[in-house]
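Work through the exercises below with the sequence and the model open. Each task is followed by a solution in steps.

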Amino acid sequence: MTSGQALPQPAYTNIVRAEKLCVSFGPVQALTDIDLAIGRNDIVGLIGDNGAGKSTLIKALTGVVRPSSGRLYIRDQPVDLGRYSVRKAHALRFETVYQEKSLGEKQPLWRNFFAGRQIVNRFGFINVREQRRIANEILQSHLGFRGVGIDADSTVSNLSGGERQGIAIGRAMHFDADLIILDEPTTALAIKEVQKVLDFVRWIKESGRAAIYIEHNLAHVHALADRLVVLDRGRIAASVRPAELSLDALTRFLIDLQQPKAGIAA
Amino acid sequence: MSGARLHRAQPAPRSLSPLFAGRKLEGLPIIVVFIALIAVFTALAPHVFLRWPIYDSFLVTIPPLLIISLGLTLVIAAGEIDLSFPAIIQFSGFLFAFCSLQLGLPWLGLIAALAGGALVGFVNGILVAVVGVPSIIITIGTSFFWSGVATVLCGGLSYALPGLENTPIANIFAGKLLGVPAEAFWALGVAILGWFVLNRHRFGEHLLFIGDSRSVAEVLGINVRRERIKLFTLMGVITGFASFMLTVQNLNYFATQGQGTLLSALAGVFIGGSSVFGGSATMVGSVFGALIIGMLEAGIVATGVAGFWVEVIVGLVFIVAVVLHIAIESPASLDQLRRRLAVRGPRPDHATKEEIP
């Protein structure tokens, strides 16, 4: 990967800010009144139990899911939620790194790097040669896949979890994202590969970018994040700096969240 | 982050079969089956298969079916299915026949056939992509509906269209060019266009990703809903065209037109090697799949085997072709089979039983 060169200081405070953001799926309220601001060089760790709304939140921020109400600001500019889409989020240089959910299994890498934003002529035909060339370039320069038997024509289904993660990371780097969202990037990875993902998160910080980092491993996220945001049943339960809350205290806090509240039970 | 190299956990075999190592020729297994079949037919009935007329007749009868198989390939690529095309053959054919005979406007009839197909396909697309009914279910329903509409409109009657003979529209779509039926050129054109749409166009790539996984496609920013509506509409237009071609080459509209094409067109696609699970489809395979399906019946009859055997042989060819695809694409499954057979082997109790007189 390229070394962590600092980007020129951008002229905005928050890369993304949500205000009273709500998402509902039919009668189910998945997110309620989310207020969240992410500074231009913030690493925000998003934690919470399964079903707390972590994935829904990042889907709302990246245009996959349409919020039912609330406001969204990107680089301090208000966003028209009715017209916000993944395409817009890509154009605004938001990138998502999912392990399982962002690569087409049966498709070659030259398609996977560019799906949804292909290099096309004006009739919509893909410039395969150019996409192949760039895909190989990403593989070789960013990821160091040279000579390991992976090229632009390899299909995703033949890759290991770590390799897939590398592909998604390489894609985020190629498109020069300002905000990189990592959704449980270390799940089911070998220890060596986990280390590489953590290095990548550090690179994001050093190069002046921002990240939202969803992680089950509290030790990882506690060590890397500038701020921890705890989601619980669709609401923000806490937002703290790791320095203010030790790893043990954080763990206890999360366990306490799971206990049925005495006041309600009585 | 200089040390960030993600190494392979374990080197997996990349080239799946030494026979097809290197750059794979699309549809190779099915091309082999096709050539083998021609060879068998030629050996058994040289007086038929070494002469031109049989091929001339193939190039007339196969194109409508082949064009539908090409459209279906796109549908299968997206992990969907369309069972309503026989009804479109009926419905669009009626529209063309009606405009030609009652209004005397065959070119309007062509447009009506395409538009009618588009309408049926668009309704399918809305029901699948917006309402959310699985395509295998809803296209059964729409198939009944549009077939019924066509029957009501034509009153169950056939339309003879002898007036179209030697008109420009008949010559362009069902005449001869350099001694070769025009239908063959149209089918070839649709096949080439279809190949580029599936393999080189943004739309085709979107279909492949949708067939691979709808949720991944959404995350990548593909408008899954819109692309699926477009897909079914396009399938309707393509079928409308095939139906028009069928009607104009017969110079007749049959009220039962389209019946019996359902399994043949689907068989062409799957013999060709497209995956029913979506995300992977081959236009070349579908061309040869449709050619095989289209020539089996005439071929079998020409070799002197009784006509009753046709379906048995079609079934056999289908099974062999599909197994061959698996053998080439995932030899691991064949190894497994071989191991399983080896374990079973000749059973000891078998041997003892045979020894008893």
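**Exercise 1: A residue and its neighbours**

Leaving aside residues up to four places away in sequence, B:Asn124 touches B:Asp82, B:Ser84, B:Ile138, B:Thr139, B:Thr142 and B:Phe232. Two residues are in contact here if their C-beta atoms, placed from the backbone, lie within 7 Å. The model is a predicted one: local features need pLDDT of at least 70, side-chain atom pairs count only at pLDDT 80 or more, and totals for chains, interfaces and linings use all residues. Residues are numbered from 1 along each chain as its sequence is written, while chains are lettered from A and ligands numbered from 1 in the order in which they are written.

Task: State where B:Asn124 lies and whether B:Asn124 is buried or exposed.

Solution.
- Step 1. Find the element: B:Asn124 is in helix 5 of chain B. Helices (H or I, at least four residues) and strands (E, at least two) are DSSP runs, numbered from the N terminus.
- Step 2. Count neighbours: B:Asn124 has 32 other C-beta atoms within 10 Å and is therefore buried. The cut-offs are 20 or more other C-beta atoms within 10 Å for buried, 12 or fewer for exposed, and partly exposed in between, with C-beta atoms placed from the backbone.
- Step 3. Check a distance: B:Asn124 and B:Gln257 are 133 residues apart in sequence, and their C-alpha atoms are 21 Å apart.

**Exercise 2: Two helix pairs**

Task: Describe how helix 3 packs on helix 8 in chain B, then how helix 5 packs on helix 11 in chain B.

Solution.
- Step 1. Choose the quantities: two packed helices are described by the angle between their axes and the distance between the axes. Axes are lines fitted to C-alpha atoms, for helices over the stretch in contact, and angles run from 0 to 180 degrees between N-to-C directions.
- Step 2. Take the first pair: helix 3 (residues 52-77) and helix 8 (residues 182-200) of chain B pack at about 10 degrees, with axes 8 Å apart. Helix 3 of chain B is therefore roughly parallel to helix 8 of chain B. The classes are under 35 degrees for roughly parallel, over 145 for roughly antiparallel, 65 to 115 for roughly perpendicular, and oblique for the rest.
- Step 3. Give the hand: the crossing of helix 3 and helix 8 of chain B is left-handed. Left-handed means that the near helix is turned anticlockwise from the far one by less than a right angle, and right-handed that it is turned clockwise.
- Step 4. Sort the contact by class: helix 3 and helix 8 of chain B meet through 14 nonpolar, two polar and one charged residues. Ala, Val, Leu, Ile, Met, Phe, Trp, Tyr, Cys and Pro count as nonpolar, Asp, Glu, Lys and Arg as charged, and the others, Gly among them, as polar.
- Step 5. Take the second pair: the axes of helix 5 (residues 106-131) and helix 11 (residues 224-250) of chain B come within 7 Å and cross at roughly 150 degrees. Helix 5 of chain B is therefore roughly antiparallel to helix 11 of chain B. The contact of helix 5 with helix 11 of chain B has 19 nonpolar, ten polar and two charged residues, and the crossing is right-handed.

**Exercise 3: Helix 8 of chain B**

Task: Which residues of helix 8 of chain B are buried?

Solution.
- Step 1. Get the length: helix 8 of chain B has 19 residues and reaches 27 Å from its first C-alpha to its last, close to the 27 Å expected at 1.5 Å a residue. The expected span is 1.5 Å times one less than the number of residues.
- Step 2. List the buried residues: they include B:Trp186, B:Ala187, B:Val190, B:Ala191, B:Gly194 and B:Leu198.
- Step 3. Compare with the packing: B:Trp186, B:Ala187, B:Val190, B:Ala191, B:Gly194 and B:Leu198 are among the residues that meet helix 3 of chain B.

**Exercise 4: Positive phi**

Task: Where in chain B are B:Asn166 and B:Leu251?

Solution.
- Step 1. Recall the background: most residues other than glycine have a negative phi.
- Step 2. Place B:Asn166: this residue, with a positive phi of about 65 degrees, is in the loop between strand 1 (159-160) and helix 7 (168-174) of chain B. B:Asn166 counts as exposed because it has 8 C-beta neighbours inside 10 Å.
- Step 3. Place B:Leu251: this residue, with phi near 50 degrees, is in the loop between helix 11 and strand 4 (252-253) of chain B. B:Leu251 has 17 C-beta neighbours inside 10 Å, so it counts as partly exposed.
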